[in-house]
Amino acid sequence: MRSFEVKHRTTVDDIRALRLITAIKTPYLPDGRFDLEAYDRLMHMQVAGGAEGVIVGGTTGEGHLMSWDEHIMLIGHTVNCFGSKIKVIGNTGSNSTGEAIHATEQGFAVGMHAALHINPYYGKTSIQGLIAHFDAVMSMGPTVVYNVPSRTGQDIPPPVINELSVNPNLAGVKECMGNERIKGYTDNGVVIWSGNDDECHDARWMYGATGVISVTSNLVPGLMHSLMFEGENAVLREKLMPLMKWLFAEPNPIGLNTALAQLGVIRPVFRLPYYPMPREKRVEFVRIVNELGREHFVGERDVQVLNDDDFIIVGRYR
């Protein structure tokens with residue numbers, strides 16, 4: 001390895017220091033392939049807005065709708081184009097340990113700075129199985145463990161995280177089980193990012209979280225940066241709450257996809273099974289943007305209410 005690469009290699013502590021990480025959206029062309037030009041514009045907006053890291057191919061980025069070739073390509077593309085400006089955390093998790101190991105090897109081979117790993121979903125396992133699964137995938141580099149029982153159907157309980165915390169490659173946990181759970185970890189020195197945008201202000205300033213892995217920052221990165229960097233600000237928290245509640249009125253990333261399309265920064269293309277917000281919610285989004293201020297949102301076009309026939313719904317995309 002060249003000396004430059006050794007000198008500038010990302011460490012676990014580098015990942016632990018990140019406060020605003022955006023779970024970046026993956027935009028599509030009308031035939032369902034990746035729209036890399038739109039993706040690069042989104043990435044530039046994140047860098048300009050103050051995001052310090054991105055999750056590539058996570059739930060928000062619809063990694064579960066990608067082939068692994070697409071997935072690793074997008075991680076590599078992000079590293080090559082933006083890796084000197086922002087930390088790239090690739091979602092290489094799987095409910096198959098062997099698949100997760102292979103994807104993580106590939107992700108680090110193309111230069112990602114850290115891996116995001118979910119616990120095995122659908123085919124759930126035991127407590128010892130959880131620990132063994134994470135130990136198997138953490139050996140390759142800095143790792144963020146992601147706990148979101150509403151999606152996986154299984155909580156990663158504190159005894160598992162406490163045992164994993166002795167692994168030097170554990171950067172921290174994206175935790176969606178609330179701020180009391182977060183405080184229990186941070187009191188013991190475990191780095192935590194809130195996985196709930198509507199709780200992240202309090203998590204950061206009252207419960208010891210390092211920051212947030214955010215969906216909302218796709219839309220208003222500057223405001224989310226302020227929320228994570230500038231101290232307690234209950235006024236800003238409440239100002240953002242209608243947008244956050246709107247975003248999650250349907251399962252993520254339905255709201256985000258609809259919002260970015262109405263802001264004119266991506267094409268209005270959905271890979272099934274995701275489907276646009278209904279018209280009344282699209283109208284509501286325009287009102288929220290105008291109340292919060294269009295200048296705070298990504299993109300430069302006027303926000304608009306899209307009609308049903310403006311959306312392209314793609315079923316076969318690979």
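Let me start with the binding site: the unreviewed UniProt entry lists Thr-60 and Ile-213 under that heading. These two positions span 154 residues in sequence, yet their C-alpha atoms are no more than 10.7 Å apart, so they gather at one spot. Please keep in mind, as we go through this, that what we are looking at is a predicted model.

Let me take Thr-60, which is found in the loop between β2 and α4. With a relative accessible area of 4%, Thr-60 is buried, because buried here means under 20%. If we set aside residues up to four places away in sequence, Thr-60 touches Ala-23, Ile-24 and Lys-25, and it also touches Val-215, Asn-218, Asn-252, Pro-253 and Leu-256.

Now to Ile-213, the other listed position, which has its place in strand β8, covering residues 211-214. Ile-213 is buried too, with a relative accessible area of 2%. Leaving aside its neighbours within four places in sequence, Ile-213 is in contact with several residues, including Ile-21, Ala-23, Ile-55, Trp-193, Gly-195 and Lys-174. You may notice that Ala-23 appears among the contacts of Thr-60 and also among those of Ile-213.

I would ask you to hold on to Lys-174, as it brings us to the active site. Which residues does the record give there? For "active site", the unreviewed UniProt entry lists Tyr-146 and Lys-174. They span 29 residues in sequence, but their C-alpha atoms are no more than 4.7 Å apart, so these two also gather at one spot.

Where does each of them sit, and is Tyr-146 buried or exposed? Tyr-146 lies in strand β5, which runs over residues 143-147, and at 9% relative accessibility Tyr-146 counts as buried. Lys-174 is found in strand β6, residues 170-175, and Lys-174 is likewise buried, with a relative accessible area of 9%.

What do they touch, if we again leave out residues up to four places away in sequence? Tyr-146 touches Lys-174 itself, together with Thr-59, Leu-116, His-117, Ile-118, Asn-119, Ile-156 and Cys-176. Lys-174, for its part, is in contact with Val-144, Val-145, Tyr-146 and Asn-147, and also with Trp-193, Gly-195 and Ile-213. This last contact joins the two annotations, since Lys-174 is listed under "active site" and Ile-213 under "binding site".

Let me turn next to some details of the backbone, beginning with Pro-253, which we met as a contact of Thr-60. The peptide bond from Asn-252 to Pro-253 is cis, with omega near 15 degrees, and Pro-253 has its place in the loop between α12, residues 234-247, and α13, residues 254-262. Another cis peptide bond runs from Leu-272 to Pro-273, with omega near 20 degrees, and here Pro-273 lies in the loop between β9 (269-271) and α14 (279-292).

There are also residues other than glycine whose phi is positive, and Glu-62 is one of them, with a phi near 60 degrees. Glu-62 lies in the loop between β2 (53-56) and α4 (68-82), which is where Thr-60 is found as well, and at 1% relative accessibility Glu-62 counts as buried. Tyr-122, which is not a glycine either, has a positive phi of about 65 degrees, and Tyr-122 is found in the loop between β4 (114-118) and α6 (127-137). With a relative accessible area of 79%, however, Tyr-122 is exposed, because that word is used for values over 50%.

Finally, let us step back to the chain as a whole, whose secondary structure comes to 14 helices and 10 strands. The radius of gyration of the chain is 19 Å, close to the 20 Å that the globule rule gives for 318 residues, so the chain is as compact as a globular protein of that length. Taken along the principal axes, the C-alpha atoms fill a box of roughly 50 × 45 × 45 Å, and 58% of the 318 residues count as buried. Among contacts with a separation of 6 or more, residues 24 or more positions apart account for 70%.

As for the outside, the accessible surface comes to about 13300 Å², and 50% of it belongs to carbon and sulfur atoms. The chain carries 29 positive and 36 negative charges, and the mean positions of these two groups are 3 Å apart.

Notes:
Residues are numbered from 1 along each chain as its sequence is written. This is a predicted model: local features need pLDDT of at least 70, side-chain atom pairs count only at pLDDT 80 or more; totals for chains, interfaces and linings use all residues. Side-chain values use heavy atoms; hydrogens and water are left out. UniProt positions are given in the numbering used here, feature names are shortened, and annotations may be inferred rather than shown by experiment. Helices (H or I, at least four residues) and strands (E, at least two) are DSSP runs, numbered from the N terminus. Buried means under 20% relative accessible area, exposed over 50%, partly exposed in between (1.4 Å probe, protein chains only). Contact means heavy atoms within 4.5 Å. The radius of gyration is taken over C-alpha atoms; the globule rule is 2.2 Å times the number of residues to the power 0.38. Accessible areas come from the Shrake-Rupley method with a 1.4 Å probe; for residues, only the protein chains shown count as cover. Lys and Arg count as positive and Asp and Glu as negative; His and the chain ends are not counted. The place of a charge is taken as NZ of Lys, CZ of Arg, CG of Asp or CD of Glu.
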